[in-house]
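Reader: Can you walk me through this one? I'd like to go from the overall picture down to the rings.

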Amino acid sequence: MIFNKHTARKTAEVLLQVNAIKLSPKEPFTWASGWKSPIYCDNRIILSFPPIRNYIREVMAKQIEKHYGKPDVIAGVATGAIGIGILVAEYLGLPFIYVRPDAKGHGRKNQIEGFIESGQNVVVVEDLISTGKSSLNAVKALKDANINVKGMVAIFTYGFDVATENFKKENINLHTLSNYESLLEQALETNYISQKELETLSEWNTSPSEWNAN
């Protein structure tokens with residue numbers, strides 16, 4: 001769920017402003033999964049814009065403290081959330097670690113990079129939630145290492161039902177700065193999209209795997 005509506009709309013505004021999110025109903029993108037999509041999100045772009053990355057860092061850090069208290073460590077999900085995770089950890093004055101999709105095949109063969117002790121509390125930072133599988137894979141690695149995962153905070157979620165179900169199944173609290181609904185509201189209000197395009201974008205979100213631009 002989003003932290004609050006004001007933050008969700010403001011975050012959507014800045015993501016659109018720097019093209020971290022692009023909406024293109026007429027010329028859809030193709031995701032790695034093969035899905036056709038009228039939206040593409042790359043939140044790593046915000047790292048190149050100091051005022052916007054500072055806004056995201058501060059809001060995320062303050063919401064973590066408000067909802068979870070101060071954890072022992074901030075964890076980022078590799079690779080997309082490493083940058084923003086470090087910024088949040090720095091703002092809070094906390095240690096930082098990150099979690100790989102899989103353990104390395106050489107050296108120390110770590111999946112969790114950085115120093116953390118068994119039993120410590122961690123809040124996981126993610127940049128984007130789609131189905132939630134890769135994010136929850138990081139949570140599993142932390143739990144397997146006997147780390148207490150207090151919850152996850154992400155910049156943006158597409159709001160897919162499958163993600164909601166996956167997080168509920170794993171009993172992990174998820175909060176996001178913004179979501180798809182708030183994005184569309186902001187995009188329509190600022191004339192980034194038309195009413196007709198809004199209908200197309202809403203239709204896609206209902207059944208993304210089956211959506212056809214034609």
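Author: Sure. One definition to start: accessible areas here come from the Shrake-Rupley method with a 1.4 Å probe. Also keep in mind that this is a predicted model.

Reader: With that probe, what share of the chain's accessible surface belongs to carbon and sulfur atoms?

Author: The accessible surface of the chain adds up to about 10,800 Å². The part that belongs to carbon and sulfur atoms is 46%.

Reader: What radius of gyration does the chain have, and how does that sit with the globule rule?

Author: The chain is built from 7 helices and 10 strands. For 214 residues the globule rule gives 17 Å, and the chain comes out close to that, so it is as compact as a globular protein of that length. Its C-alpha atoms fill a box of roughly 50 × 35 × 30 Å along the principal axes. The radius of gyration is 17 Å.

Reader: How far apart are the end C-alpha atoms of helix α2, and what span should its residues give?

Author: Helix α2 covers residues 50–68, which is 19 residues. At 1.5 Å a residue the helix should span 27 Å, and the distance between its end C-alpha atoms agrees with that: 26 Å.

Reader: Which strands do the buried residues of α2 pack against?

Author: The buried residues of α2 include Ile52, Tyr55, Met60 and Tyr68. On the helix side, the buried residues of α2 pack against α1 (5–17) and α3 (82–92). The strands they pack against are β5 (73–77), β8 (121–129), β9 (148–157) and β10 (174–179).

Reader: On to the rings: are tryptophan 31 and tryptophan 35 stacked or edge-to-face?

Author: The structure holds 11 aromatic pairs. In the pair of tryptophan 31 and tryptophan 35, the ring centres are 5.7 Å apart and the planes sit at 25 degrees. Planes under 30 degrees apart count as stacked, so this pair is stacked.

Reader: Is tryptophan 35 buried or partly exposed?

Author: Buried means under 20% relative accessible area. Tryptophan 35 has 23% relative accessibility, so it counts as partly exposed.

Reader: And how many residues apart are tryptophan 35 and phenylalanine 160?

Author: Tryptophan 35 and phenylalanine 160 form an edge-to-face pair, 5.9 Å centre to centre with 70 degrees between the planes. Tryptophan 35 lies in the loop between β2 (29–30) and β3 (36–37), while phenylalanine 160 lies in the loop between β9 and α5 (161–169). The pair links distant parts of the chain, 125 residues apart.

Conventions: Residues are numbered from 1 along each chain as its sequence is written. This is a predicted model: local features need pLDDT of at least 70, side-chain atom pairs count only at pLDDT 80 or more; totals for chains, interfaces and linings use all residues. Side-chain values use heavy atoms; hydrogens and water are left out. Helices (H or I, at least four residues) and strands (E, at least two) are DSSP runs, numbered from the N terminus. The expected span of a helix is 1.5 Å times one less than its number of residues. Buried means under 20% relative accessible area, exposed over 50%, partly exposed in between (1.4 Å probe, protein chains only). Contact means heavy atoms within 4.5 Å. Rings of Phe, Tyr and Trp (its six-membered ring) pair if their centres lie within 6.5 Å; planes under 30 degrees apart count as stacked, over 60 as edge-to-face and the rest as tilted. The radius of gyration is taken over C-alpha atoms; the globule rule is 2.2 Å times the number of residues to the power 0.38.
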